[in-house]
Amino acid sequence: HWELVGRTHYEIHTDATERWKEAHQKGLSGETLKNDSDFWVQEDGTKHWLRWAIVPWHDAHGEVGGIIISAEDITKQRQAEEELRWSAANQKGLLESTSDQMWSVDTHYRLIIGNAKFLQYTEAVLGRTLKEGENVLGTAIPQEYLEEWRSYFDRALGGQRFAVEVATQLIQPTRYREFIFNPIYSSDGQVIGVAVSGRDITERKQAEISLRESEERFRQLADNI
């Protein structure tokens, strides 16, 4: 857009607020600034969420020669996050009525909501309750299971609904749990998160293992007859 060359920033963005102008001046003074979620209302009333950064550049003498401004419109992402939180809030009663662990994360694996059973688990593992917005992979999932769980979340974020059985030794001797992963869709059909439910199936798995061991012993006896 060569027609923009030589024009001032405020000639192009006539609705720049005093707050933005102050940030530009700080950049020209040598400061680096950024905001990962800034709300902006244009003159015509259009609302945007922006992720922006201001970085000063220096000339050959080390003096500030100007600033580089980068901005990304993250409005759709923020709308999806709000829709996800609204959905979670409306399901809170259902989450607390079950004996299963239940929680949901956004597309960055950050906790949106977790019921009491899940939060009790995080407290037992971490020594504290996991907070909303924290990365579940970086906290509640131990390092040895990290890549495995990342693949589960990514499958669900790809639109798959599935169940897995996992053997863990996090708090006590080996326990078996079944986890069901469900993609969460926005009103326009985009996957905006993952809902997970987990239940302890140790007794069932132990019975299955005992049955298999009994069958194997029986086959061995039969082979020796």
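Guide: Helices (H or I, at least four residues) and strands (E, at least two) are DSSP runs, numbered from the N terminus. The model is predicted: local features need pLDDT of at least 70 and side-chain atom pairs pLDDT 80 or more, whereas totals for chains, interfaces and linings use all residues. Residues are numbered from 1 along each chain as its sequence is written, and side-chain values use heavy atoms, without hydrogens and water.

Visitor: What follows H2, and what is the sign of its phi?

Guide: Gly 30 follows H2, and its phi is positive, near 110°.

Visitor: Which residues of helix H2 are called buried?

Guide: In helix H2, which spans residues 18–28, the buried residues are Trp 20, Ala 23, His 24 and Gly 27. Their arc around the axis (taken from the directions from the helix axis to the C-beta atoms) is only 100°, which places them on the same side of H2.

Visitor: What makes Glu 22 and Lys 26 a salt bridge?

Guide: A salt bridge requires a side-chain nitrogen of Lys or Arg within 4 Å of a carboxyl oxygen of Asp or Glu. For the side chains of Glu 22 and Lys 26 the N to O distance is 3.7 Å, so the pair meets this definition. Both residues lie in helix H2, 4 residues apart, which is about one turn of the helix.

Visitor: Why is Glu 22 called neither buried nor exposed?

Guide: Buried means under 20% relative accessible area, exposed over 50%, and partly exposed in between (1.4 Å probe, protein chains only). Glu 22 has 47% relative accessibility, so it counts as partly exposed. Lys 26, at 32%, is also partly exposed.

Visitor: How do you know that Asp 100 and Arg 199 form a salt bridge, and which parts of the chain does the pair link?

Guide: Their side chains meet at 3.0 Å, N to O, and therefore satisfy the definition. The pair links distant parts of the chain, 99 residues apart: Asp 100 lies in the loop between helix H4 (92–96) and E4, and Arg 199 in strand E8. Asp 100 is buried because its relative accessible area is 12%, while Arg 199, at 42%, is partly exposed.

Visitor: Why is Glu 147 classed as exposed or buried, and what is its partner?

Guide: At 54% relative accessibility, Glu 147 counts as exposed. Its salt bridge is with Arg 150, the closest N and O atoms being 3.5 Å apart. The two residues are 3 residues apart in helix H6, about one helical turn. Arg 150 has a relative accessible area of 28% and is thus partly exposed.

Visitor: How many salt bridges does the whole structure hold, and which residues form a network?

Guide: A search of the whole structure finds 10. Salt bridges link Arg 175, Arg 177 and Asp 200 in a network.

Visitor: What makes the sheet open, and which strands stand at its edges?

Guide: The open sheet has 5 strands in the order E5-E4-E8-E7-E6, with antiparallel pairing. Strand E5 (111–114) and strand E6 (162–168) stand at the edges; each has a single partner strand, so one side of each has no neighbour in the sheet.

Visitor: How do you know that E4 and E5 pair?

Guide: Two strands pair if DSSP finds at least two bridges between them. Strand E4 (residues 101–106) and E5 have 3 bridges, so they are paired, in the antiparallel sense. Ser 104 stands opposite Ile 113 in E5.
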